[in-house]
Protein chains: 2
Amino acid sequence: MTYCIGLRLNHGLVFMSDTRTSAGVDNFATSKKMFTWSVPGERMITLMTAGNLATTQAVISLLEERSKTLEERDPSILREGTMFQVARLVGATLREVIDETTNEGQLKQDQFSASIIVGGQIKGGKPTVFLVYPQGNFIEITQDTPFFQIGETKYGKPILVRAYDPDMSFADAIKLLLVSFDSTVKSNLSVGLPFDFQVYEADSFAMGTTRRIDENDKIYQAISEGWGDALKDAFQHLPSYKL
Amino acid sequence: MTYCIGLRLNHGLVFMSDTRTSAGVDNFATSKKMFTWSVPGERMITLMTAGNLATTQAVISLLEERSKTLEERDPSILREGTMFQVARLVGATLREVIDETTNEGQLKQDQFSASIIVGGQIKGGKPTVFLVYPQGNFIEITQDTPFFQIGETKYGKPILVRAYDPDMSFADAIKLLLVSFDSTVKSNLSVGLPFDFQVYEADSFAMGTTRRIDENDKIYQAISEGWGDALKDAFQHLPSYKL
């Protein structure tokens with residue numbers, strides 16, 4: 001499995017992904033799941049993947065036109081006019097790859113399946129995020145649903161639901177995502193460090209801070225340990241039943 | 001779905017279950033999922049079910065020998081000598097019911113599937129809890145795994161992992177379970193109030209406090225709202241990245 005979150009704030013976007021890929025517990029490795037295309041001053045597009053690694057790598061390769069020689073490449077993801085068109089391109093590519101590897105009659109929710117979060121901003125539009133399904137269709141982020149998760153989404157959802165605030169700073173948003181990721185890592189072996197994150201400031205049309213966080217990261221360690229203690233403290237102050 | 005937790009403390013056991021049953025979002029109802037058999041001074045056995053309602057009701061009916069007339073009933077769950085034997089009886093009964101409704105070749109992880117938590121104490125033994133699988137086999141609680149969850153288990157697991165303490169009071173354990181249930185209810189429509197809980201004090205061989213908590217319960221409301229605020233407070237005090 002995997003865990004990725006794409007989140008929209010009033011002043012920009014935040015993306016975070018883990019890096020564990022596994023085919024069973026005795027066959028796991030580290031693989032990047034976050035990919036960015038940008039034309040400074042004009043567009044910034046970030047994509048995160050969950051699911052079958054052969055499928056997601058094929059999608060990225062097709063988007064980058066790796067089947068062409070270096071001189072011939074002119075990735076259409078850099079030419080689409082809106083983020084909606086980018087999401088359509090990603091959805092069509094994902095569906096094409098899955099269709100190629102899936103036998104007729106097999107369900108799409110199959111071993112070759114994958115899903116994708118793609119977000120960013122193209123000049124003339126607003127920053128936005130889409131969740132692309134294996135069937136190639138997609139949904140867009142709204143004020144009511146200000147974040148998308150893919151992969152192992154359940155463990156880390158309660159804190160997102162409780163603590164998200166559209167006006168929070170990027171630093172607070174990263175902290176929120178780290179708490180969500182830490183809860184997931186503590187409960188599920190298939191999600192693992194290091195984590196990649198990237199922030200995008202609205203109307204900057206350039207990649208914001210991008211960083212990889214590993215298990216030696218002091219702030220992550222402080223958040224991970226501090227959160228456990230903070231939860232216990234918070235817990236002590238709640239009212240109890242008299243039994 | 002469903003959410004049930006069976007938890008062992010050093011001084012006893014705590015059980016909690018939700019009551020929502022659903023066959024799709026437009027067909028849901030309230031149904032008790034916690035059942036108790038006791039012989040005061042000799043044994044106390046509590047069982048919680050998750051899965052297909054026809055399957056779990058059939059298991060309970062068989063255990064209660066409802067196919068016999070009232071005078072002829074002598075449920076063997078009241079005669080087994082140890083909790084291990086009780087778990088074997090429950091496992092065999094569950095498997096029998098599933099086998100009856102499942103066609104040959106169909107997987108057990110099917111629409112008629114179910115799983116069960118059964119715990120308690122029988123004179124001569126210690127208080128313990130078992131998790132019974134649809135295949136009829138089961139695992140016992142240990143010091144390393146001091147609680148079992150069935151149903152929609154993921155949302156509520158992180159707080160259990162963080163805040164469980166084998167020496168906590170029953171009141172604190174109920175509070176912990178309510179936080180775990182509240183996180184689940186907030187994230188998943190298939191788990192719903194009211195919740196049933198029961199505590200069992202080691203070596204009492206009698207039912208402890210048993211109560212149903214609905215949405216008007218003042219303590220639950222205070223825990224639910226207080227937990228959100230407490231999380232936000234705790235979150236503010238964690239360190240942040242400088243971006």
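By what turn, and with what shift along the axis, can chain B be laid on chain A? Colleagues, a turn of 180° and a shift of 0.0 Å along the axis suffice, with an RMSD of 0.0 Å; the copies are superposed by least squares on the C-alpha atoms of residues with pLDDT of at least 70 in both. The two copies are thus related as by a two-fold rotation axis.

Please note that this is a predicted model, in which local features need pLDDT of at least 70 and side-chain atom pairs count only at pLDDT 80 or more, while totals for chains, interfaces and linings use all residues. Residues are numbered from 1 along each chain as its sequence is written, chains are lettered from A and ligands numbered from 1 in the order in which they are written, and side-chain values use heavy atoms, without hydrogens and water.

In chain B, the residue that comes closest to the rotation axis is B:Tyr155, at 2.3 Å for its C-alpha. Of the interface residues of chain B, 100% are also interface residues in chain A, so the copies meet through the same surface; contact here means heavy atoms within 4.5 Å.

I turn now to strand S11 of chain B, residues 195-201. Strands are DSSP runs (E, at least two residues), numbered from the N terminus. Six of the seven residues of S11(B) are buried, so this strand is largely enclosed by the rest of the structure; buried means under 20% relative accessible area with a 1.4 Å probe, protein chains only.

Which strands pair with S11(B)? Strand S2 of chain B (residues 12-17) runs antiparallel to S11(B) and is joined to it by six bridges, with B:Tyr200 as the partner of B:Leu13. Strand S12 of chain B (residues 210-213) also pairs with S11(B) in the antiparallel sense, over four bridges, and there B:Arg211 partners B:Phe197. Pairing requires at least two DSSP bridges between two strands.

How values were computed. Buried means under 20% relative accessible area, exposed over 50%, partly exposed in between (1.4 Å probe, protein chains only).
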